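Work through the exercises below with the sequence and the model in view. Try each task before reading its solution.

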Amino acid sequence: MTDAIVFDDVWRAFGGRHVLNGLSLRVREGEVFALLGRNGVGKSTALKILLGFLEPDRGSSSLVGVPSAQLDGPVRDEVGYVAEGHPLIGWMSVARAIEFEAGTRTRFDRKYVDDALRRLGLARDARVSQLSRGQKAQLSLVFAMATDPKVLVLDDPAMGLDVVMRREFLEAMIELVSRDGRSVLFSSHILTDVERIADRIGILDGGALCVDAPLEELRERVHKRFVRASDGVSFAADDAAGVLSAKRVREGFELTLLDFDERRERALRARASLVSDPQPVSLEELFFELTTTAAATGS
Amino acid sequence: MRAIFKKQLASAALPCALLALVTLALAANGREFAILRRPGTDGTGPLVAVAWGIAGALIGLLCALGDEARGLREFILHRGLPRTRILLAQSLANLLGLALAALVVIAVIAVMGLAVHDPLAHPAPLYARLWEPALLSTSAVLGHGLGLAGGLLRQPRWRTLFFTFYAGCGVLYLVFAALRGLGERWIPNEALWLVLTLGGGAALHLLAARMLRQGIDEERTFAGPLRPALAVTALVIAAPATVLSASLVQQLALERSARAAPLLGWSQASWMAQPAETREYGPRIDAVLFDTVQRPDIAARNEEARYYTVERNELVLELGAGWRHFVSKPQWLRDARGRCFHVDTWISARHGRVLAQAVGLHYGPSSKTVVQDAPPDFALPYRRELARGDGKPLSQQLILLPPADDADAWLLADASDRTLWRLDLAPALPTLSQVGAEGSWSGIDVAIGRARAELEGASSRRNSSRVVLLTPEGRRSWNGSELVAAALTADEVWQSECASVQRFEVDVLDADVLEPLVKLLDKRGELEPLEFRHRAPLGASLLAHLVSALRSPLASVQSAFDFQPRRPTERHEWLDPLVAGGRRPWLLALNLGLSLALALYFAARRKNGLRASWLVLFALFGPLTAVLANALEPRRAALPQPPRRTLRIGPRPTRATQPEAVVS
């Protein structure tokens, strides 16, 4: 299977601040990849570099096999892009916005757009600036899909939408991305949404991915356990030992553990008086544990 | 591409409509721009040139920054069209909007002209002049290119605006310097204007397209092949602006110093220095012998030609492309139908041409008014060229000899072939007829007051209105109908001979623009010689020196070998008058040292992204260029590399590679 999106050791600084420190990731054909991270961690920067709107200091990226720096002209119609905030030309009517899109694309599926507008209940004579955020988001997504792109890049598509709108938007997105072979890279803060649609997640922290794994596999591999430590024993995050995070709670520690096999369990039981059964970890908990510097020490 | 074009045309509609409205309001009501009110002297053309240039720059900036400000930049660029085609469509739409605005303005002016046109009050050629605003509106192309390139610099906004303003000054300076340098004939001027605006505009649009194609990254604008193109553009555009900035500030300082200098002269049997602050209150001084502001005139006292002494009265015309009005005559005329008109006839000249124009208003004259009968074919308004009868054009230098009393005939002396021509204003239609053959005069002389000549010698700038011609028969003056022998009164002396009667002499020992050293001598020996050096005010002196240190090193070195005396109030755009003729070598050394230090400093920063071309710019145009470099060049800080992040949860590891578990 070939890679639709590639980041290869991408570095980028703004002024005196490093934002991306050697970001590497690959999105395979047909894969839905969710890029997660806290505010200002560089998600939008990474997507702009991917689309050739920013230049990396070091490293390279490519989309549908074309280096980002050479992404110009018709090849852009193979990439659907919804920028942060769903920008559209506000003074146009929906009908005129459709004409504008059709006139500036090498291919444009009018039938698909008409069907989608009917389904979404968007009036053609409505002014774009008068649409709700959710409607704008849906219209942006429809336009991004109207060229039948091989890859879809969405920068925080659910930002600013309320629960109902987000749900509608996500359903529309799930339906749209269900077409064969379409790859999606999207950034988001809404982890419940990510859990619904992503095949694979990447968590961006400190300018590079700290997590890059399929979501299902992640659920299998990461667990949480409560331990009561022996006197003087402390627990801290230790990747080599499979401890992703250790948090002090009441009389013991709450450990987030990765790939915890029998050997590691024996070592753990040797240091703790009580070890609870494995508990599943939600994506939100995992995100929190990995993007905050938590450490704990026993007394 | 058509969709982009239509979208941009809709965006440009409002600014273009505003432009047309403002221009029309000014054209209809402005005192200086009233094309309908003051035919032949209106400023509509220049107004259109400046307004369309500025509007073009603003619309270009809006085009480049507006989408970005609304968060639409990436939305617009991410589509199946090459970026350069998107820019082309946007530029064509903007320029079409500006062209339509110009057409609207011209059409409205024409309609207004038709509506209010009174053939007796306005000259017929009004419509013939409408091509001029159309031609001058091509400044929009240059302005638009500039605004677009400035906007696409993708720097922080203030830098963009600073660069656009700075480069705009440079472009304007280059255009006007080129026009001035070329001369003032019709065809080259218009052709050059088109070449500069359309050619320069096209070059700037190409540059903008290149910048857009390369990327829209705000911190990485000048990478790759764009570098040399941008360096050359910056050199061409910004350098004149840099030189101008320095020269303008220095001129202000020098002028302030010069105006603070006292007038040196003679009063009541002694030398006198009249303080600067009292010079406006009238002469307490009998004779001004040296004025710092006017010093070069005195330095030129040994010149043989005396024309400069009569130029003040505008009797010696050095003509160029611009029309110079030199005489007018009001008169009352009655046409064949018995209607009376108050007619203003004025004569204007420019290189090779003399023009008589008249407009008139229909009035009922009072009983005391003397009304002449107009010729049968007389019709108002008219514009008529007065040509020499021998088929040759009049030369660039004409000397006017006014008639005695109120006679209606002037004498024009053509300096190229020394012919004489009578300009007769008496008839309703002025005439030009030859009264002196080729070589009939050899020069001019001026009768000046003897007392003044004793004080100031040939450099006297007063009482010099009686101009006579030097002919083979001797000095001749014009009495309105013929040349007659010119005679002096008892208290007059010919300017050409006044050296023999001059009593005082001014010796400029050091013709420094800031602190001149002067020696006044009394040839009769009644007064001891006076040596005086002006001390410039501290503030003006410091400012002049500071700016001198910031000027172009190349120009400063050239100035050190320039020994021509210069007036402090004269603009020294390129050469630095403070170091002229080898003065103040320490200042020259400071200038060179500062430029070198800056060049070395920026050279040390080259690894952070500064272009080598800027170093050349510093060497050529001085430290002020560093301001521009700082504004244009992003700081690509060489940041320390942070520790590389590791993937904490990657693909599922195989058993063979899984590390031993260690819990501390």
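**Exercise 1.** Does Ala51(B) count as buried or exposed?

Solution. The model is predicted: local features need pLDDT of at least 70, side-chain atom pairs count only at pLDDT 80 or more, and totals for chains, interfaces and linings use all residues. Residues are numbered from 1 along each chain as its sequence is written, while chains are lettered from A and ligands numbered from 1 in the order in which they are written.

Step 1. Take the cut-offs: a residue is buried if 20 or more other C-beta atoms, placed from the backbone, lie within 10 Å of its own, exposed if 12 or fewer, and partly exposed in between.

Step 2. Ala51(B) has 26 C-beta neighbours inside 10 Å, so Ala51(B) counts as buried.

Step 3. Place the residue: Ala51(B) lies in helix α2 (residues 44-69) of chain B. Helices (H or I, at least four residues) and strands (E, at least two) are DSSP runs, numbered from the N terminus.

Step 4. Leaving out residues up to four places away in sequence, Ala51(B) touches Leu19(B) and Thr23(B); contact is defined as C-beta atoms, placed from the backbone, within 7 Å.

**Exercise 2.** Which residues of α2(A) are buried, and why do they line one face of the helix?

Solution. Step 1. The buried residues are Val94(A), Ala97(A), Ile98(A), Phe100(A) and Glu101(A).

Step 2. Viewed down the axis of α2(A), these residues fall within an arc of 160°, so they line one face. The arc is that of the directions from the helix axis to the C-beta atoms.

Step 3. An α-helix has 3.6 residues a turn, so residues three or four places apart point the same way.

**Exercise 3.** Describe the surroundings of strand β3 (residues 32-37) of chain A.

Solution. Step 1. Six of the six residues of β3(A) are buried, so the strand is largely enclosed by the rest of the structure.

Step 2. Sort the residues by face: Val32(A), Ala34(A) and Leu36(A) are on one side, and Phe33(A), Leu35(A) and Gly37(A) on the other. In a regular strand the side chains alternate between the two faces of the sheet.

Step 3. Find the partners; two strands pair if DSSP finds at least two bridges between them. β3(A) pairs in the parallel sense with strand β8 (residues 183-188) of chain A over five bridges, and Ala34(A) stands opposite Phe186(A). Five bridges also join β3(A) to strand β9 (residues 200-205) of chain A, again running parallel. There, Gly37(A) has Leu204(A) as its bridge partner.

Note on methods. Contact = placed C-beta atoms within 7 Å.
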